Amino acid sequence: MHELGIAMRIAEIATRVAIQEGVKKVHAVHVEVGELTGIVPDALLFSFESAIKKSFLENARLKINLIPASAKCNTCQTVFRPEGFFSFCPACEAVDCEIFTGKELFIKSIVSENGK
Amino acid sequence: MCQTCGCDEKGSMVTIGKPVHFQPQKQEIKPDKSPKPGSTQPMAGLRIDRPVESKGSGDAREIEVVENLLGDNDAAAAENRRFLNDRKIFSLNLMGSPGCGKTTFIVKTIEALKGELDIFVIEGDQFGSLDADRISATGAKVIQINTGNGCHLDARSVGKAIKELELPENSLLFIENIGNLVCPALFDLGEHFRIVMLSVTEGDDKPVKYAPMFHGAAMCLINKTDLLEHVDFDLEKAQDNLRKINSKQKIITLSASRGSGMKDWIALLRKEIQASKS
């Protein structure tokens, strides 16, 4: 995945919302990241730091909540944790599975600094 | 370089031709009000302020945002989908190996629906405009995308082509992807219906060998059935393999060049278009 592009989009949205809401200083940005998105949390944190340098968001912290993947096999209904978008069912080895969680990628909230 | 499949996207020259059409049509096109690529749409209109535990003077506020962060291609695909939905245009992404019969199939579909539906085509090929020439000979409006060293169409180039085509409302858009059973599966173009074509000369084992492609398609067309008696292709085995990979997939067997099975396809297409509008 392209963490820098994602980080820049996080910064863009957080800045827009903060200005709309009259927030003068952003303390933290919360994002939800599914483990199937292929995003490497460390790389995203690093990219975010670079993306917000000398910007309105400077010093804001990125908080990543990593969401585990889950899937259900359409053949035998076994629920399991898939390794990718395309995984074999551990019980019957079918590949026809429905992914429930793990594809999430969204900005959940921003937190202002005390009194700002 | 394309980071998904390693094909050389940036170094190559993706070229989008000019629309080709025998009888230029005058169409009224609504201005494009969809957001620019890279923008994101809120998943929900939710915005709740709530105090957050804090020390010191004044409270910190947590402001709920809940906004999707799409990757570049997904953002462009979402924009395409919005653009097409606004105009009630039904779109198909047709994929399959080189030579499986995609272009012949599109030509026959255009001929079968002449006078009933306005059909427009985006032709993806690595080089040249041979396929676009075949489509334009039917009278349908077509635009050629040449990907150069790229091995798949992406949502951004398709978005540009969609706008060049000046599609009228309620028309049908065919996107013929690059002949390839691997990379095109990974790129959402913003289409409504994804079709993979498998010709009997390729072998009945292809669904399991190129599983992501067959897994992601809503329908599989088994083409060139007129050649079944000449090749070692087990139709039942192929259908079993397809069901193993995608139990919900619709399967139609046909011979686009000879015409058998085309009626089933046209009936299904009409049904899908109807369903998309209700």
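Is B:R81 buried, partly exposed or exposed? In this predicted model, B:R81 counts as partly exposed, with a relative accessibility of 27%, and its side chain takes part in a salt bridge with B:D188. The structure holds 14 salt bridges over all chains, and the points below treat some of these pairs, then the nonpolar cores, and then two glutamates of chain A.

**Salt bridges in chain B**

- Side chains of opposite charge can pair when their charged atoms come close.
- In the pair formed by B:R81 and B:D188, the closest N and O atoms are 2.8 Å apart. B:R81 lies in helix α1 of chain B, while B:D188 lies in the loop between β7 (172–176) and β8 (193–199), so this salt bridge ties together parts that are 107 residues apart in sequence.
- B:E79 forms a salt bridge with B:K163, with 3.1 Å between the closest N and O atoms. Because B:E79 belongs to helix α1 (residues 72–86) and B:K163 to helix α4 (residues 155–165), both of chain B, the pair ties together parts that are 84 residues apart in sequence.
- The two partners of that bridge can be described by their accessibility: B:E79 is buried, at a relative accessible area of 5%, whereas B:K163 counts as partly exposed, at 33%.
- B:R258 and B:D226 also form a salt bridge, in which the closest N and O atoms are 3.8 Å apart. Here both partners lie in loops of chain B, B:R258 between β10 (250–253) and α8 (262–277) and B:D226 between β9 (219–223) and α7 (235–245), so the pair ties together parts that are 32 residues apart in sequence.
- B:R258 is exposed, with a relative accessible area of 61%, and B:D226 counts as partly exposed at 26%.
- A network of salt bridges links B:D205, B:K206 and B:K209.

**Nonpolar cores**

- The largest nonpolar core has 32 residues, and those with the most contacts inside it are B:L92, B:F105, B:L172, B:F174, B:L221 and B:W265.
- Several elements of chain B each supply at least two residues of this core, including β4 (90–96), α2 (102–112), β5 (119–125) and α3 (130–136); the largest share, six residues, comes from α8(B).
- Setting aside residues up to four places away in sequence, B:F105 touches B:L94, B:F174, B:M197, B:L221, B:L254, B:A256, B:M262 and B:W265.
- Another core, of 26 residues, lies apart from the largest one and has A:A14, A:V33, A:L44 and A:I52 among its members.

**Two glutamates of chain A**

- A:E3, in helix α1 (residues 3–20) of chain A, is buried yet has no salt bridge, and the nearest side chain of opposite charge, that of A:R9, is 12 Å away.
- The side chain of A:E3 does, however, reach the backbone nitrogen of A:V40 at 2.8 Å. Beyond its neighbours within four places in sequence, A:E3 is in contact with A:G38, A:I39, A:V40, A:A43, A:L44 and A:S47.
- A:E32 has its place in strand β1 (residues 26–34) of chain A and is buried, with a relative accessible area of 11%.
- The side chains of A:E32 and A:N65 make a polar contact at 2.9 Å; these residues are 33 residues apart in sequence and 4.9 Å apart in space, C-alpha to C-alpha.
- Apart from neighbours within four places in sequence, the contacts of A:E32 are A:N65, A:I67, A:E104, A:L105, A:F106 and A:K108.

Terms used
Residues numbered from 1 in each chain as written. Chains lettered and ligands numbered in written order. Predicted model: local features only at pLDDT ≥ 70, side-chain atom pairs only at ≥ 80, totals over all residues. Heavy atoms only, no water. Helix = DSSP H or I, 4+ residues; strand = E, 2+ residues; numbered from the N terminus. Buried < 20%, exposed > 50% of the residue type's maximum accessible area, 1.4 Å probe, protein only. Contact = heavy atoms within 4.5 Å. Polar contact = N/O pair within 3.5 Å; in protein donor to acceptor, adjacent residues only side chain to side chain. Salt bridge = Lys/Arg side-chain N within 4 Å of Asp/Glu carboxyl O. Core = buried A, V, L, I, M, F, W, Y, C linked by side-chain atoms within 4.5 Å. Lys, Arg positive; Asp, Glu negative; His and termini not counted.
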